[in-house]
Amino acid sequence: MGTGQLSKAFEPRAAEEKWYRYWQDNGFFHASDSSDKPQFSIVIPPPNVTGMLHMGHALNNALQDIMIRYRRMQGYNAMWMPGTDHAGIATQNVVEQELAKEGLTRHDLGREKFIDRVWEWKEKYGGVITNQLKRLGCSCDWQRERFTMDAGLSQAVREVFVRLYNDGLIYQGDYIVNWCPRCHTAISDLEVEFVEEAGHLWDIRYPYADGSGEIVVATTRPETMLGDTAVAVNPNDPRYKDKIGKTVILPLVNREIPVIGDDYVTMDFGSGAVKITPSCDPADFAMAGRHNLEIIKIMDGSAVINENGGVYQGQDRFECRANVVKDLEKGGYLGKIEPYTHNVGHCYRCKTTIEPAVSKQWFVKVAPLAKAATAAVIKGKTRIIPAMWEATYFEWMTNIRDWCISRQIWWGHRIPVWYCDGCGNMIVTAQDPSHCPACKGAELRQEEDVLDTWFSSALWPFSTLGWPERTPALQTFYPTSLLITGFDILFFWVARMMMMGLYIMKDVPFRDVYLHALVRDEHGDKMSKSKGNIIDPIDMIEKFGADAFRFTLAAFTAQGRDVRMSEERIEGYKFFVNKIWNATRFVMMNREEDPGEAPRVDRAARSLPDRWIESRLHRTIAEVIKGFDEYRFNEATGSIYRFIWHEYCDWYLELAKPILYGRENPAARLAAQDTLYRILKTVIKLLHPTMPFLTEEIWQAVVNDGNSIMVSAFPTPEEYLEDPRAEAEMELIMGVITNIRTIRGEMGIAPATKLRAILSAPDPGALAILDGGARYIAGLAGLENLETGVALPEPKGAATGVVGGVQVFVLLAGAIDVVAEQARLEKELAKLDKELAFVQRKLANSDFRAKAAAAVVAKEEARDRELREKRLLLEKALKKVRGLGA
């Protein structure tokens, strides 16, 4: 056991560097591929290789580290797989921006040299987020670190693609996709971010070819009319039943297009007639298939009008829109224009407005895969926590569309398909072919497209463990135990891992999925650069230490509720760190020997506070275990916080001081020393998953058993005796002390002033408890005299209180100047009334409520509540003082 000393204050930065290096050097993070211990495994949601640690990462990884440290201490063979994602579009964009500074494009370099350049960038900058995770204290098994473009993972990607293709689950076809004109690639439905924008709804007149009139259509994108191939109406609409089969003249283009009937058309929207542009709208594309309509592409990959746009060729889509509207008006085709607010899709990476476009893409047929993934959750093979997300998961899986997996970029897993220039044969294989199996020709071209980044991510739980080889790691750690991730990638990633895990491994990829909410600012607003409310995790670690930061994240993580974060909250838990540190120093200074190594002290020598604190710890350990087991991080940390701050520090340490400082009872003193030490040793183990650095620093100074706290055994409730009687007795004693302290505060009596008190018990049993705890009451309440009895009469000139049937009388004669105290309270009350009236006038002003920011109004409302509460306390105190003078 250690006899080391602690410095006056905890120095987080020094401790973090020292202990993280110690943990890594001693291999404490590494799990064994073969062990008799039960396995517990987590795969990290791989951050983008371009990434920097933000609050979402910090929350996600802090929670994962809490769980892996907790299970490791419980004796599990705990493995946390780290790694990063190649992030196709994002990484390519970053490198292209670097090239632009040199006046180059990727096309100037060519594909191979560009890929080499991306790898160079990855080697230079790709480790930033990994180092930041280490600053957070993440105990990942770094010996296993993977990258989605590793040779092994790349081979796994090819193997899965080929299996899916051979099973008829991958196909290529012309389809309308979400196209990003900036990134020059298709993106999946899930990668489209919809933003509400104010636009217009334009009415356009399409004249009938036979001169019999016109039909009016409405659109939010008039430029797309250049590609119209029909006008559609509902066949049941009486206005148009006789128009179906006629043709209209497409304005500006002078092309005849048919009027068709389709049930998809809503009769009560606009005129009930809609223009059909199959190349620019998914619904129109589907309708074109039903009616065998021509598909006319009017834009190139940069959303610039092509040769099919006639005089508008070469114009950007938005420039074209303005010109089309102008020309429609000039030709007399433009009807009314109305303001119209609607959701517009944007690329999730570069925020460019996406353009639906028809192109040849590769797809996965996901319906059969989704069926198995849905059944696995229904049967309980995988739990989604909180359970409220199950309904969302089922709904999405039921209405799932085929997954577009091809991307028109260079950085990523190139699709393992080759074309023979000799005979046109297509070859799908996991290995690079040397020749065409059909004609034996050697002129082969590989598919230019790469796979969606999420394709490789979907294989993460088993590809990182060595699949397609049946490695010992795969056999030991798959299925993994837990996935912790944000609810926002439930479909992007979680659902796809479920589908691929069941398809390839015939088992779910994880037993539990814990979905945490978003981290917002203290007002509940989303963090953004434009609002200036972003909190940088590394800044917080630098300022307050990783332990305080981690504990804050966990303390505010309640299931199904967003995490509201502020610098002040993190600072509050820095004070908690200080409290623990100072309590440890107190324990170390008040032991002359090593009570932890001595034989257990006779329980008969233990005081009531000793027995009480042990019983409270018994309950706290059970609460913490329950909290972690159920992923209720706020409840687990709340129990730890309350026990350490309010019970161990605020009460037990103060109750123990007279025993420690007194020399008349050596047995009681030894019992207190033993209790102080054992409780401290246990609570730092309870704390370790959330505060690893602080607890290791204390462990090495106080225990110093030649090992790390992270491999010590997590506490169990059975280590401490539950004692309901001791808890009940202490509850009464502490209640009396608190009541006397409250009266002292309300009366404005200085802490140094000794008071006299009378306690009237309701029965002999309560009296025995009060008499047994009299020295604690007198010492902690600051009494010079304490009288106890049963059913005692109320004395004159006393402030009163009631605790559990015990009447508390604090004699105030000589303790306060009644006249002066009454005058002080009346003056303070008058001042408060003036301030309260000002606040209430402001809140009653409708202009203030209408024009002031919501945060300002909320602040004034909080001030109103605060002043009202203070007024009640002042009135109560004034009533007591007036009663004394009567």
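**View 1. The second largest pocket of this predicted model.** Start with the open space here: the second largest pocket holds about 1200 Å³. Its lining counts 45 residues, and those nearest the centre are Thr-220, Arg-221, Cys-280, Asp-281 and His-342. Several elements each give two or more residues to this lining: strands S5 (170–180), S7 (192–207), S8 (214–219), S12, S13 (334–347) and S14 (355–364), along with helices H8 (282–291) and H9 (317–330). Which strand gives the most to the lining? That is S7, with eight residues.

**View 2. The whole protein, for orientation.** It helps to step back for a moment. The protein has 886 residues, and 54% of them count as buried. There are 28 helices and 29 strands to find your way through. Along its principal axes, the C-alpha trace spans about 110 × 70 × 55 Å.

**View 3. An open sheet of four strands.** Follow the strands across and you get the order S10-S11-S9-S12, with mixed pairing. S10 (247–250) and S12 (273–276) are the edge strands; each has a single partner strand, so one side of each has no neighbour in the sheet. From one strand to the next, the twist averages 30 degrees. S12 also turns up in the first view, as one of the elements that give two or more residues to the pocket lining. Inside the sheet, S9 (residues 230–233) pairs with S11 in the parallel sense, over three bridges. To spot that pairing, look for Ala-232, which stands opposite Ile-260 in S11.

**View 4. The hairpin of S10 and S11.** Now zoom in on one side of that sheet. S10 and S11 (residues 255–261) run antiparallel and are joined by four bridges. Two pairs make handy landmarks: Val-248 has Ile-257 as its bridge partner in S11, and Ile-249 has Glu-256. How many residues lie between the two strands of the hairpin? There are four, and Leu-252 in the turn has a positive phi of about 70 degrees. Asn-254 lies in this loop between S10 and S11 too, and its phi is near 60 degrees, again a positive value in a residue other than glycine. For background, most residues other than glycine have a negative phi. Is Asn-254 buried or exposed? Its relative accessible area is 61%, and the cut-off for exposed is over 50%, so Asn-254 counts as exposed.

**View 5. Helix H7 and the glycine just after it.** H7 covers residues 151–166, which makes 16 residues. At 1.5 Å a residue, a helix like this should span 22 Å; the C-alpha atoms at its ends are 23 Å apart, so the two values agree. Plenty of H7 is tucked away: its buried residues are Leu-153, Ser-154, Ala-156, Val-157, Arg-158, Val-160, Phe-161, Val-162 and Leu-164. Just past the helix comes Gly-168, with a positive phi of about 75 degrees.

**View 6. Strand S23 and its parallel partners.** S23 (residues 510–516) is mostly covered, with six of its seven residues buried. One partner is S22 (residues 480–486), which runs parallel to S23 and is joined to it by six bridges. Look for Thr-480 opposite Phe-510 in S23. Another partner is S15 (residues 383–385), which pairs with S23 in the parallel sense over three bridges. In that pairing, Ile-385 stands opposite Tyr-514.

**View 7. A β-α-β unit built from S22, H15 and S23.** Which hand does this unit have, right or left? The path from S22 through helix H15 (residues 490–505) to S23 is right-handed. In the loop between H15 and S23 you'll find Lys-506. Its phi is near 60 degrees, a positive value in a residue other than glycine. With a relative accessibility of 64%, Lys-506 counts as exposed.

**View 8. Two cis peptide bonds, at Pro-386 and Pro-479.** As a reminder, most peptide bonds are trans. Here, though, a cis bond joins Ile-385 to Pro-386, with omega about 0 degrees. Pro-386 sits in the loop between S15 and helix H11 (389–398). The bond from Tyr-478 to Pro-479 is cis as well, with omega near 0 degrees. Pro-479 belongs to the loop between helix H14 (472–477) and S22.

How values were computed
Residues numbered from 1 in each chain as written. Predicted model: local features only at pLDDT ≥ 70, side-chain atom pairs only at ≥ 80, totals over all residues. Heavy atoms only, no water. Expected span 1.5 Å × (residues − 1). Buried < 20%, exposed > 50% of the residue type's maximum accessible area, 1.4 Å probe, protein only. Pairing = 2+ DSSP bridges. Axes fitted to C-alpha atoms, helices over the stretch in contact; angles between N-to-C directions. Right-handed = clockwise from strand over helix to strand, strands pointing away. 1 Å grid on protein atoms, 1.4 Å probe; cavity = no way out; pocket = protein on both sides within 12 Å on 5 of 7 lines; lining within 4 Å. Points joined across faces, edges and corners; volume = space filled by probe spheres on them.
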